[in-house]
Amino acid sequence: MSCATDVAMSKTIIVCGHGPGISAAVARKFGAAGFAVALVARSADKLEAAVAALRSAGVRAAAFAADLGEPQAVAAMVGKVRQDLGPITVLHWNAYVAAAGDLATAAPEDVRRSLDVGVTGLIAAVQAALPDLRSQKDAAVLITGGGLAFYDPAVDAMATQWNAMGLAVTKAAQHKLTGLLSARLCGDGIYVGEVVVTGLVKGTAFDSGNATLEPAAIADRFFEIYSARAPVSAVFP
């Protein structure tokens, strides 16, 4: 299903869970297309360095430090972005925590933390941004998915071997949430889509020197699905 509409620029994108990989490339891609860019993560110092790099490239950008696993903090952050940069057109959710790696021994609090950052925080952000998203014909929610979400014995064995079981559960829930949000918000003209990354991305915490996927190529894919307003789920590569 395509939630089609025209795409306009000179808007604001919130990049949640900013880091040196996919999210940084998405910020650069949308910034180059004329978007003001709000970078969100827990570390204010790292955000400021990233904002400085964007500004040096002519992008209007600002940093917003927030705990993306705390719904109240997420809602406050969205309000601050709106106040400082203007109405929100695109929400990009890239946030995750590598907690609860072994579900046979993980503390329940670690499982909850993974779901709070990957799912609950995303819902809080969408709800807080809805007044803006509903008012703009080119609005979108873009989500960084992961291949660990897939229901497949080989994938489950990989998640177990990598000590990433909590992340796999969270990505599976996030994958379902993407479809639900798409079905719920398409009637409001809001496109919801994910890029499901099925390999290791260069420059990220999972890159031990053997990653093959370029963050810029993934950002290009995000911009492609945003511009086309389809599909709801795109697998990369």
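A residue is termed buried under 20% relative accessible area, exposed over 50%, and partly exposed in between (1.4 Å probe, protein chains only). The views below show a predicted model, in which local features need pLDDT of at least 70, side-chain atom pairs count only at pLDDT 80 or more, and totals for chains, interfaces and linings use all residues. Residues are numbered from 1 along each chain as its sequence is written, and side-chain values use heavy atoms, with hydrogens and water left out.

**View 1. Surroundings of histidine 18 in the loop between β1 and α1.** Helices (H or I, at least four residues) and strands (E, at least two) are DSSP runs numbered from the N terminus. Histidine 18 has a relative accessibility of 18% and therefore counts as buried. Residues up to four places away in sequence aside, histidine 18 touches Ser23, Ala24, Leu39, Val40, Ala41, Leu47 and Ala50, where contact means heavy atoms within 4.5 Å.

**View 2. The open sheet of 7 strands.** The strand order is β3-β2-β1-β4-β5-β6-β7, with parallel pairing; two strands pair if DSSP finds at least two bridges between them. β3 (61-65) and β7 (233-236) occupy the edges and have a single partner strand each, so one side of each is left without a neighbour in the sheet. From one strand to the next, the twist averages 20 degrees. Axes are lines fitted to C-alpha atoms, for helices over the stretch in contact, and angles run from 0 to 180 degrees between N-to-C directions.

**View 3. Pairing of β2 with β3.** Strand β2 (residues 36-41) is joined to β3 in the parallel sense over 5 bridges. Alanine 41 stands opposite alanine 65 of β3.

**View 4. Helices α1 and α7 against the strands.** Helix α1 (residues 22-32) packs on the sheet and touches β1 (12-16), β2, β4 (88-93), β5 (140-146) and β6 (191-197). The direction of α1 makes about 175 degrees with that of β1. Helix α7 (residues 215-228) lies across β4, β5, β6 and β7, and runs at about 155 degrees to β6.

**View 5. Strand β5 and its partner β4.** In β5, 7 of its 7 residues are buried. In a regular strand the side chains alternate between the two faces of the sheet. Ala140, Leu142, Thr144 and Gly146 point one way from β5, whereas Val141, Ile143 and Gly145 point the other way. β4 and β5 run parallel and are joined by 4 bridges. Tryptophan 93 has isoleucine 143 of β5 as its bridge partner.

**View 6. Cysteines 16 and 186.** Cysteine 16 is buried, with a relative accessible area of 0%. Cysteine 186 is also buried, at 17%. The structure holds 0 disulfides, a disulfide being a pair of cysteine sulfur atoms within 2.5 Å.

**View 7. The protein chain as context for the close-ups.** The protein chain comprises 7 helices and 7 strands, which follow the pattern β-α-β-α-β-α-β-α-β-α-α-β-α-β along the sequence. Its radius of gyration is 17 Å, close to the 18 Å that the globule rule gives for 237 residues, so the chain is as compact as a globular protein of that length. This radius is taken over C-alpha atoms, and the rule is 2.2 Å times the number of residues to the power 0.38. The C-alpha trace spans about 45 × 40 × 35 Å along its principal axes. Of the 237 residues, 51% are buried.
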